[in-house]
Amino acid sequence: MISRRNFFSITILMVTMLFLCMCLNNLKDSWNDYAVNRYTETAENYPSNINVYVPDGSREKDPKEQAAETDRGETVSDRDRVVCIGDMNQLSMSAAEAWVTYTKRDIAGYPALPAYESVWNEEDLPEMLVLDSACVDWEAGEEIDFLNTCLEKGVHLVFCNLPDVSVIKENGQARELFGIQKVLEDEITVTNLYLREGFLLGGQTFYREKAGSDADTMLPGSGAFPGDRTFPWYIPASGTKVYMKGAPEGMDMDEEQCPIVLWRKSFGTAYVFAVNGGLMEGPEGIGILSAMSAEMHSYEIYPVLNAQNMILTGYPSLADENAAEMERLYSRSVKQVFQEILWPNILMALQKQNYKATCMLTPQYDYSDDNPPDGRQLEYYLKVFNERAVETGWSARNMSGISPTEKLEEDYRFFQDVLGGYDIASFYAGGLEDEQMAEALEAQLLASAKTVVRDYDETESGPVGFLSENVTAQSILGDGLEYTYKNDFRYKCMETALGYFSVSFDMSRVAYPDDDKSAWEQLSRSLATTIDTYGRLFRGFARTTAAECDMRIRQFLALDYSDSRTDDRIRLRTEGIDGPAWFILRTHNEAIREMEGGSWQELEEGAYLIEAAQSEVTLTLEPADERLYR
């Protein structure tokens, strides 16, 4: 027999369980305003029109300010002009121009060396010359003499490529300038590459060709190793520091005689940087120039985006499609596969490295069949995404061949029928042309769109910028489901230059697999490996969605800054923005002891991520060895 007290306790417990199981879920649903996109609400309070800081090359420094700095004993960092010698339409020159824009430097361009020599002014020296070697007449001793004069005056030289090997073999002055002792072979095919630690962020890396692999996809740098990846075999001279070298088949990477790919030669206070191949021919050049600049100075501080994005394209799809194939592979419909298999796996992988996701939704892949999208599925995903701070964007891709305009009209009607409308902050354009993207942004469904996520294009000068007056563009750097050495190198370059990482995972491959290798069992391992590898490698950077990255792009482009140093203190000032700004500080045998006006964290030895919370920040450095004894 149950006592009254026990009966009362059991009743209270049952009521509590009923409340927890039913009422809390109902309350959670009522509080989940899933029909409102939190990322468009935030974007409304952000500057929308184009605002890009461009240095005024004619601006002179205030004499009073300059005198005050001298009285304080400050050494002012020179972010002066960068002079480019070559065709500015070439990929390497476009990369240099983008790097100058991102680092807030001034730029001047000349088609050939004599054109610049004619306006040379020792009272107004540039920080560096970035040169296409084809625009130098190597047979004219006067031009090499002028380059040596630049070095004597402390101007650094960056050669995006080298002249023909015959020039190097026959011209002793050219060999001396480039730091080449001798030419061992006119051509050599490399099968392995070694990237030295401390140049690009991400540490030392060995790129080894694997048996049975597609070698052209394994080596970094678009066009860097054309054909069978051959280039001249140069042996470096004394006073040369090698950052990247290769090895032909059967040669150990540790051998001194390895072919050099990227290096510098010291000339007093100036350096000559040389690239053997086409590593600079694309946006990767932005990261290489950032790393070179850090090598030129006792310290280097420059602004970055601090944004790491995971883009799920074509996810979710809300219609039952490709039923026979889904039944064969999974014994489920595509809606069940996405909800019951993909989402738990994706969420687990993202949470392990604290990544956010941007899901570029498509109501359906095939608009030609009789399977319309399910409105209840849309509501389910919006609720789940809202709880997990996942951004819902829109994908322009489809598999039925209809135009983006037709797809936009179909999808707009669907959102209207289910939700009465939905504001979208970002959309995935895939490989759409600029005209098609502009036309899509005029559609009703994308009236609130602030940023366009597009596929990586090697001809683009930079991965982020303004697409139009009030819309930014951000490029996906690689396919997260396919690891290649080329992509890995690109990621390290972009992290070094911009603190930026963006990969896509094409979920349409699951719904419409090309073969059994596209089954989720295989793809899920690739997704988890990509997220875990780069999550650990670049742990210090912020995890963002596409809309959050858009906000940082606007701040980054509008920012102006200046820095100076007195003894062990660096003073950093920011202008032109409201809110925090992020910088990378790179040092040589120095570490941060303390900071005022913001916060910092060490990314790796000699590299720090700085958050400037105030308009003026002070960093105090100490010898790196002293930190070990504190």
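**Helix H6 and the nine-stranded sheet**

In this predicted model, the buried residues of helix H6 pack against helix H5 (113-117), strands E4 and E5, helix H8 (172-178), and strands E11 and E12. Helix H6 itself spans residues 141-152, and its twelve residues reach 16 Å from the first C-alpha to the last, close to the 16 Å expected at 1.5 Å a residue. The residues of H6 that are buried, with under 20% relative accessible area, are Glu 143, Ile 144, Phe 146, Leu 147, Cys 150 and Leu 151. These residues cover an arc of only 155° around the axis, and they therefore lie on the same side of H6. A general property of the α-helix is that, because there are 3.6 residues a turn, residues three or four places apart point the same way. On the other side of H6, Glu 142 and Glu 152 are exposed, and the helix is followed by Gly 154, whose phi is positive, near 90°.

The strands contacted by H6 belong to an open sheet of nine strands, which has mixed pairing and the order E3-E2-E4-E5-E12-E11-E10-E7-E8. Strand E3 (106-110) and strand E8 (205-208) stand at the edges, and because each has a single partner strand, one side of each is left without a neighbour in the sheet. Neighbouring strands are turned by 15° against each other on average, direction ignored. Within the sheet, E4 (residues 128-131) and E5 (residues 156-159) pair in the parallel sense over four bridges, and Met 128 has His 156 in E5 as its bridge partner.

Two other helices also lie across strands of this sheet. Helix H10 (residues 284-296) lies across E4, E5, E10, E11 and E12, running at about 155° to E12, whereas helix H16 (residues 485-498) lies across E7, E8 and E10, running at about 160° to E8.

Note on methods:
Residues numbered from 1 in each chain as written. Predicted model: local features only at pLDDT ≥ 70, side-chain atom pairs only at ≥ 80, totals over all residues. Heavy atoms only, no water. Pairing = 2+ DSSP bridges. Axes fitted to C-alpha atoms, helices over the stretch in contact; angles between N-to-C directions. Contact = heavy atoms within 4.5 Å. Expected span 1.5 Å × (residues − 1). Buried < 20%, exposed > 50% of the residue type's maximum accessible area, 1.4 Å probe, protein only. Arc of directions from axis to C-beta.
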